[in-house]
Structure formats: structure tokens, C-alpha cells
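Me: Hi! I'd like to talk through this model with you before I head back to the bench. Can you take my questions as they come?

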Amino acid sequence: MVEALFNLFGGEGEFLYFVAMVAAVLAVVLPLLLAVAFSVYFDRKIWAAVQMRRGPNVVGPFGLLQSFADGLKLFLKETIIPAGANKIIFLMAPMITFVLALISWAVIPFDADMAIADLNVGILYILAISSLGVYGIIMSGWASNSRYAFLGALRSAAQMVSYEVSIGFVLVCVLIAVGSLNLNDIVEAQAGSVLNWHIWPFLPIYVIFFISALAETNRPPFDLPEAEAELVAGYQVEYSSMAFALFFLGEYANILLMSAVMAILFLGGWHAPLPVLEFIPGWIWFLGKIGFGFFLFAMVKAFVPRYRYDQLMRLGWKVFLPLSLFFVVFYAAIFVYGGLLPTNG
Amino acid sequence: MDISIPDMVFYLFASITVASGVLVISARNPVHSVLWLILAFFSAAGLFVLMGAEFLAMLLVVVYVGAVAVLFLFVVMMLDINFSELRQGMLQHLPLGGLIGFVLLGELIALSVAWTFGDDVAKNAASPTPTDPAVTNTEALGQLLYTDYIFIFQTAGLILLVAMIGAIVLTLRDRPGVRKQNIGAQVNRRPEEAFDLVDVESGKGVSLPSKKG
């Protein structure tokens, strides 16, 4: 993507390359922030529809501008820093959350050769960055100097570390089939038609990945770090104004990222479901698949009641860990003894 | 001055690593120390990337920054230790600590002078940084680890497993009187065994039947 823009601009000189890179970053980040704003709206609409309410419908046509109105409201509010807070860390935490939510998108391929960076270890990069996400939460909880916030932060630390383990094992299963850590290769391995998508052979681990992604992004039913019924708002309790908005944006950007990762790993990335439909550009298919993933996230929020904390831990360590470990052995055995291993290495 | 961009980035990462390493031991607040330690890990990962070892860099971030340091931070935040009090005896212990450091440094120097590689090792040491651009760093590492060093690699894994089991055995205690949730029993409960429907005549009341199962 950077190379294409570089050639478009003339293709000479280090400065132009830098400009091309900035342009590529903006071309991903600006639509992403717009998408985050609208995904908040869609989340609320879906949630409302399940509960037979109208949802936001006042600001703009069909309430489409509701998120922008909310953003403006937060922007105009006063930033309150608690007297007992550790000021620097308190202000750094939302920034870290927000930045980490954005930088993962650097490796997401929206179409063939349409990613800011095409890393050889792309999937590990995403795993690494998403495992850093816990710092925004744990730092905010500690720096707020508040019991509720601190409890929320501790919960979230334990929760995210637990579910990362099963996410890691799920990735291993897919990587056995692909033979590469590169996101482009993972998508190309599913080329052809809908029958080649990984969701069919890997359906059970797709489910495990989806549920772990819910826990990893602190979404209901695993939103214990911010469980309002018991912890008021968890780690966000002392935050107001833009600091809160950054947490909020980061959370939704992470949900979209997890939807994108699911689309890449299991739903064929930018490939059309049928060869006949290839005339539609790949990035439209990819955005559609992200939308599908987000729809699942929103529906789960509407359907499932919140887990209790010990149930969450039990599910992570006693159910998902052995199950995903079993599937690693199972798929590895099938691929090795079935002679299905990829032959690129 | 002829400094390329990779050089500049190297000096940036290297100085951040060293500076945050110093701040780990000099920060007054233990939580700040851990946060500086995380920054040190992170910039070390940056150094790995500069060396072309992107797989190691990502593993460093996933394992150390993403898991080990989180638990570290977790523990330090929970502990209520007055670290400034611990630090008061520092000048007193400085000679002993300095002596140990000095001995370690001497041993390392002696080792680096006297160390000789086996015949294969020199070849193996070069292979994780492949010259062939078609072979990725990840693949080269895997080919080395699972061939020449398979037994050492497996032994390392076994040692970690033993350490993990040991930690569990040491901390596991059987506390009497703790009621645990039996999810299987709860899910298998049927309405028939859970409640009775009783027709109560007005004015008579009802005596509770003895509790079932």
C-alpha cells in the first residue's frame, strides 16, 4: 500500500516515501475512526432491536450522528483528575489504550497488497499488541487511586492473560494449516471459494476464538473489569471527558480489530465467497466480513448475561485451555498423518 | 557525520533500553520501576527487530511484556511493602553487592576469553540470520531448534513444566469448609427433584417436606 502510494506520488526520494507512508497511515486510521463512531451506533441499534426498543434516533437521520454528538459532548466536558491520582500515569493510560488499539491495524490486509506493513510475523504482531492492551487498563486502575478502579484493573489483568493462552493455541491450529505467520499467506491459503475458508475445518476453534475474543476485548458477557452492577464502572470510574472517550474509542477499535482477525483467519479475508463475485473489490468483502464479526459481538451483548468472575476464570483455565490444547494435538495429528501439511518450508 | 536511519533508530532504542534499565533500580515507586522495566523490554524488542530477528522480538513482547510483566505489575501493586524502608540499608550493603557484581563480571570476562565453540556450533550460530531472503527468520529458527538442538529444546520445556507443577504443588492447600460450585450437578438438576407442587387447603397451611437430595 505504501509502495503503491509512493509510485502514485512520483516514486522518488526519501521524503516522498515518508509522505506516502503518512498518507497510507491516514488512509487507514481516518476511516477506522469513522467506522468506530458508526459501530457504536450500530451496536446500540442492534442492542435496542433485540430488546424491541428504538435505540438512538434523534440526532441526524435515523440517529446516525448520535456518536458524533456524544463525542462532542465528551470533548466539551471538563477533565477531572482525582487529587490522589498519580497524574502522569493517570493521563498516560487512556492514550496507551487508544494508541495500541490503532497500531494493530498497521498489518491488517484490506485487500491483496493493501496493508500498511506486510510483516512476516503479522499474526504474532497482532497477538503481541493485543496482549499489551491490558496495560492501559491496569495502569488506569492503579493510578486512579480508587478501590473500584483498582479491582477492575486486577480483574482485567487476570482475565486477559488467561484468555490469551487459548487464543495462542487457536492461532497455532490455523498456522499448522497455513505454514506461515504472514497475514497475506493466511488469506491466500483460503482462496478459491467459500468451501476453502478455514471456518469449515476449524469450526470448533472458531467458536473458541470468538469467545476468547469477547473476553480479550472486555465485551459482555465478560465485561467484568467494568461491571457496573458491582464495580460501578471499573477502571473507567475516575475518568471523564476526552480521557474517557479515548478508552471508549480504543475498546471499539479493538472489537473491530478482533472481527478483522476472525475474518482473516477463518472467513477468507478479502476473498469473495464465490469466484463469480470476484468483480466486487476485495476490500468491500473484507469490510463486510468485519461487519459480520461485529454483528456477532453486538448480538452476544444483547443475549448473554454477565458471567461471575470465578465462572469466567473456570471457563478460561478449565475448559478452554484443555480444549484448545486438545485441538492443537488433534489438528496437528490430522495434518501430519494425513499428509496435508503445507509444503512451502 | 554519516549516520543512516537504522543507526539512528538503534541508538534511540539502545539509549531508551539503558536509561529505563537505570530507572528500574532508581525509581522510588516500585510500580514505576515495573513500568520502566516494561519499557526496557519493549525497546529491547525494537533492537531485535533491527537485527532482523522479528520472531524473537514478537515473542519477547508476547511473553515478557504481555504476560510476565503483567503478573509482575499485578503482584507489586498488591503488595504493601514500604520499599523506601528496604532501600535504607543500601550504603551498608553496597560493598558486598559490589563485590558480587565484580566477581560475576570477572567470570564473564574469563568465560568470553576462554570459550571455544564446537565445529557445528559456529555454523549453527550463523543460521538464524539467513542470507537467503526466501527463508524467513522464523523458519530458520525452527529448522535449527528442531534439528540440532531438539533435545536441549525439549529439556528446557520439561524443566519449565516441572517448575510449573512444583509451583502448583507448593501453593495448593486444601481448605476445609469451602463450598465449591459443581457446574455439572447444577446443569443436570431436573425440576422434579428441585421442587414440589403442593395444593394447600385454605386455613391449613403446609408443613415443609424434608429437603430432597
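**Chain contacts and helix packing**

Me: How many residues does each chain put into the contact?
Reply: Chain A gives 29 residues and chain B gives 25 residues. Keep in mind that this is a predicted model.

Me: And what area is buried between chain A and chain B?
Reply: About 2,300 Å², with carbon and sulfur atoms giving 78% of that area.

Me: How many salt bridges are there between chain A and chain B?
Reply: Zero between chain A and chain B. A search of the whole structure, over all chains, finds four.

Me: OK, which residue forms a salt bridge with Asp43(A)?
Reply: That's Arg219(A), and the closest N and O atoms of the pair are 3.1 Å apart. The two sit in distant parts of the chain, 176 residues apart. Asp43(A) belongs to helix 2 (residues 14–50) of chain A, while Arg219(A) is in the loop between helix 8 (203–216) and helix 9 (228–231) of chain A.

Me: Switching topic: at what angle do helix 4 and helix 5 of chain A cross?
Reply: Roughly 160°, and the axes of helix 4 (residues 87–103) and helix 5 (residues 122–143) of chain A come within 8 Å. Angles over 145 degrees count as roughly antiparallel, so helix 4 and helix 5 of chain A are roughly antiparallel to each other.

Me: Is that crossing left-handed or right-handed?
Reply: The crossing of helix 4 and helix 5 of chain A is left-handed. The residues of this contact divide into 14 nonpolar, four polar and no charged. Among them, Phe90(A) and Leu100(A) are on the helix 4 side, and Tyr125(A) and Trp142(A) are on the helix 5 side.

Me: What about helix 5 and helix 6 of chain A, at what angle do they cross?
Reply: Roughly 175°, with the axes of helix 5 and helix 6 (residues 147–178) of chain A coming within 8 Å. Helix 5 and helix 6 of chain A are therefore roughly antiparallel to each other.

Me: Which residue classes are in that one?
Reply: The contact of helix 5 with helix 6 of chain A has 14 nonpolar, five polar and one charged residues. Helix 6 residues in the contact include Phe150(A), Met160(A) and Glu164(A).

Conventions. Residues are numbered from 1 along each chain as its sequence is written. Chains are lettered from A and ligands numbered from 1 in the order in which they are written. This is a predicted model: local features need pLDDT of at least 70, side-chain atom pairs count only at pLDDT 80 or more; totals for chains, interfaces and linings use all residues. Side-chain values use heavy atoms; hydrogens and water are left out. Axes are lines fitted to C-alpha atoms, for helices over the stretch in contact, and angles run from 0 to 180 degrees between N-to-C directions. Helices (H or I, at least four residues) and strands (E, at least two) are DSSP runs, numbered from the N terminus. Angles under 35 degrees count as roughly parallel, over 145 as roughly antiparallel, 65 to 115 as roughly perpendicular and the rest as oblique. A crossing is left-handed if the near helix is turned anticlockwise from the far one by less than a right angle, and right-handed if clockwise. Contact means heavy atoms within 4.5 Å. Ala, Val, Leu, Ile, Met, Phe, Trp, Tyr, Cys and Pro count as nonpolar, Asp, Glu, Lys and Arg as charged, and the others, Gly among them, as polar. Buried area is the accessible area (1.4 Å probe) that two parts lose on being put together, summed over both. A salt bridge is a side-chain nitrogen of Lys or Arg within 4 Å of a carboxyl oxygen of Asp or Glu.
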